[in-house]
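Colleague: I would like to learn how to read a structure file feature by feature. Shall we take one and go through it?

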Amino acid sequence: MLRIILFLVIIALAAAGAAWVAEQPGDVVLSWNAWRAEMRLPVFILGLGAAIVAIGLVWWIITALLRAPGRMKRGRVERRSGRARHAITQGLLAVGHGDAAAARQHATAARRHAPHDPLALLLQAQSAQLEGDREGARRAFLAMAGRDDTKSLGMRGLYIEAQRSDDPYAALAIAEEALRLQPNSAWASQAVLGFRCARADWTGALEILETNFSAGLIDKKAFRRQRAVLLTARALDVEDSDESLSRDSALEANKLAPTLVPAAVLAAKHLAQTHQVRRAMKVIETAWQAQPHPDLAEAYAHIKPGDAPALRLARVENLIAKNSQDFESALAIARAGIEAGEFARARRALEPFIDNPTQRVAMLMAEIEHGERGDTTKARAWTLRAVRALPDAVWTADGYISDHWRPVSPVTGRLDAFQWQVPLAALPAKKTVVVEDNPFHDALIASSAPEALPPAKADEPVTVTIESVAEAAVVTPTETEPAVVTVEPEPAADKPKDAKDKEAAKTAMESPAAAETVIPMPSPPLFHRRAQPQPVIPIVRAPDDPGVDEEAPPEEFSEHSPTPAGQSGSWRGYRPPR
């Protein structure tokens with residue numbers, strides 16, 4: 001709207017100026033030697049304006065002709081650049097989608113239109129990586145490393161390719177060169193730190209950590225924790241060769257991270273050796289309050305070598321006084337009680353965890369049963385139960401389980417990765433566990449089917465037992481005939497054997513349909529029914545209970561109980577593999 005008003009105003013002013021010039025009187029005479037021109041003033045003004053316009057037009061044409069080659073070149077470059085930008089954009093989108101063919105096509109177009117564009121080189125490298133062309137990706141990253149603006153990106157790409165090629169020496173050399181060229185490079189510093197930790201060069205790793213902290217790559221809290229981890233690793237490494245360095249490193253690590261369990265254990269050990277027992281106990285108590293751990297309890301109990309087991313038990317009770325209901329506290333008391341011969345105290349400590357025991361609880365209960373009462377049978381039962389018991393916490397990092405603490409994860413090289421926790425692979429699943437097919441279970445299922453057994457009387461409770469195959473007459477199935485399972489009720493105990501046999505034969509002759517039932521089975525076991533005071537469900541036990549023999553153990557407490565008569569294999573206590 002404003003432009004329209006401004007245009008109308010200019011037109012009005014031009015018209016007013018032209019009208020004013022036309023009304024001006026006078027003549028204009030131009031004389032040069034014999035040439036003389038005379039005209040009126042309005043005509044002269046109009047002619048002068050036309051001449052100025054003509055001169056301007058000629059100048060514009062000449063200038064446009066002179067600038068035409070440059071403009072054509074710039075236009076051609078802009079069109080190529082536009083095509084290159086479009087190819088780079090579409091190529092990066094194809095890489096994101098995982099379309100290797102489209103990424104390669106757009107990378108070729110981008111390289112043709114803009115061979116020196118950094119993004120075109122990046123697209124070429126990424127498309128080669130997507131196709132698995134290691135050599136092409138390496139050439140692209142080498143070209144990027146030769147440029148000042150993409151040197152760091154090219155070095156990182158070469159480092160990744162060296163790692164994929166399983167060439168740690170080349171990867172280390174590239175990372176060190178990148179760190180030398182750019183000291184504040186986060187990826188290079190982390191890579192060099194990981195390599196030095198892998199080579200157990202803890203002093204060099206501490207230097208890299210100091211450089212990272214000075215460059216602002218990590219905050220103060222992370223720096224203190226990682227320095228404590230590296231100092232602990234160095235203290236453990238030189239514990240036997242350089243006791244002084246080990247002691248200084250352990251004490252500094254405990255000062256930086258009082259809750260780090262291995263640092264607290266090692267620092268307390270060195271303090272106890274220098275007769276600073278109270279300080280050593282304080283170090284362990286601080287770490288125990290933050291995270292109870294069996295290594296802390298063990299170090300606290302043996303803080304004074306040569307103490308009697310009763311003194312060690314009292315010392316452990318003092319340690320767990322503030323959190324006596326903790327799981328690790330109960331296990332520490334149980335261990336100290338067993339060593340001191342206080343089996344009743346150890347049993348009371350483990351009582352809250354017996355119903356759903358872990359492996360360590362089950363093994364401690366086995367020790368209690370064997371040490372207190374000499375009950376080998378119950379001790380063996382607890383030992384077998386430990387196999388199926390819940391798992392305990394262990395040192396784990398990135399799915400890797402270790403029997404001791406480590407400063408670096410062997411899977412990813414991550415510093416301070418190990419945590420004291422139950423491994424993820426051992427956590428109970430929410431879904432129902434499906435047990436693989438087993439002939440024994442198939443037999444039990446077949447025996448419980450309505451077609452497998454004749455209907456029982458209302459007042460006759462039934463249970464299913466397995467007898468030896470050698471004692472039963474089994475009809476061997478052929479290729480065309482299904483297996484025939486003979487099912488017969490067991491006679492009462494007060495009848496003589498002959499009467500039982502006659503009655504069983506008579507029943508089988510009178511009721512052939514009830515005596516024989518055709519059941520397709522992979523193996524032909526024999527089942528008998530017998531009367532019980534009440535219905536019994538076969539194999540009713542806890543999921544982790546392997547079962548205990550109901551018969552009394554022999555007087556000599558032999559380790560191997562004989563196989564009961566009428567049983568070819570020891571099915572008692574059998575549990576299928578999960």
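Colleague: In what sense do β3 and strand β4 pair, and over how many bridges?

Modeller: Keep in mind that this is a predicted model. To read strand pairing, look for the bridges and the sense in which the strands run. Here β3 and β4 (residues 400-402) pair in the antiparallel sense, over three bridges. One residue pair to look at is T396 with I401, its bridge partner in β4.

Colleague: How many residues lie between β3 and β4, and what is the phi of D398 in the turn?

Modeller: For a hairpin, check the link between the strands and its backbone angles. Two residues separate β3 and β4 in this hairpin, and D398 in the turn has a positive phi of about 55°.

Colleague: Which residue in β5 stands opposite V394?

Modeller: Q421 does. Strand β3 (residues 394-397) is also joined to strand β5 (residues 419-421), by three bridges, and these two run antiparallel.

Colleague: Is L13 buried or exposed?

Modeller: Relative accessibility is the number to consult. L13 counts as exposed because its value is 60%, and exposed means over 50%. The residue is found in helix α1, which covers residues 2-22. L13 also belongs to a nonpolar surface patch with M1, L2, I5 and V9; together they have about 580 Å² of accessible area.

Colleague: Which residues does R247 touch, leaving aside those up to four places away in sequence?

Modeller: For contacts, set aside the sequence neighbours. R247 then touches H270 and T274. Its place is in helix α11, residues 243-256. With a relative accessible area of 26%, R247 is partly exposed. C-alpha to C-alpha, R247 and L266 are 8.0 Å apart, with their positions 19 residues apart in sequence numbering.

Colleague: What describes the protein as a whole?

Modeller: Start with the totals. The protein has 22 helices and nine strands, and buried residues make up 34% of its 578 residues. About 35900 Å² is exposed, 58% of it supplied by carbon and sulfur atoms. Of the contacts between residues at least 6 apart in sequence, 54% join residues at least 24 apart.

Colleague: What is the mean pLDDT of the protein?

Modeller: The mean is 77, and 73% of the residues reach 70 or more. Over residues 504-543 the pLDDT is below 50, although this stretch has 74 contacts in the model beyond near neighbours in sequence. Residues 547-578 also stay under 50, with 36 contacts beyond four places in sequence. Where pLDDT is low, the predicted coordinates should not be read in detail.

Conventions: Residues are numbered from 1 along each chain as its sequence is written. This is a predicted model: local features need pLDDT of at least 70, side-chain atom pairs count only at pLDDT 80 or more; totals for chains, interfaces and linings use all residues. Side-chain values use heavy atoms; hydrogens and water are left out. Helices (H or I, at least four residues) and strands (E, at least two) are DSSP runs, numbered from the N terminus. Buried means under 20% relative accessible area, exposed over 50%, partly exposed in between (1.4 Å probe, protein chains only). Contact means heavy atoms within 4.5 Å. Accessible areas come from the Shrake-Rupley method with a 1.4 Å probe; for residues, only the protein chains shown count as cover. pLDDT is the predictor's confidence in each residue, from 0 to 100. Patches are made of residues with over 30% relative accessible area and no salt bridge: like charges are joined within 9 Å, nonpolar side chains (Val, Leu, Ile, Met, Phe, Trp, Tyr) within 5 Å. A salt bridge is a side-chain nitrogen of Lys or Arg within 4 Å of a carboxyl oxygen of Asp or Glu. Two strands pair if DSSP finds at least two bridges between them.
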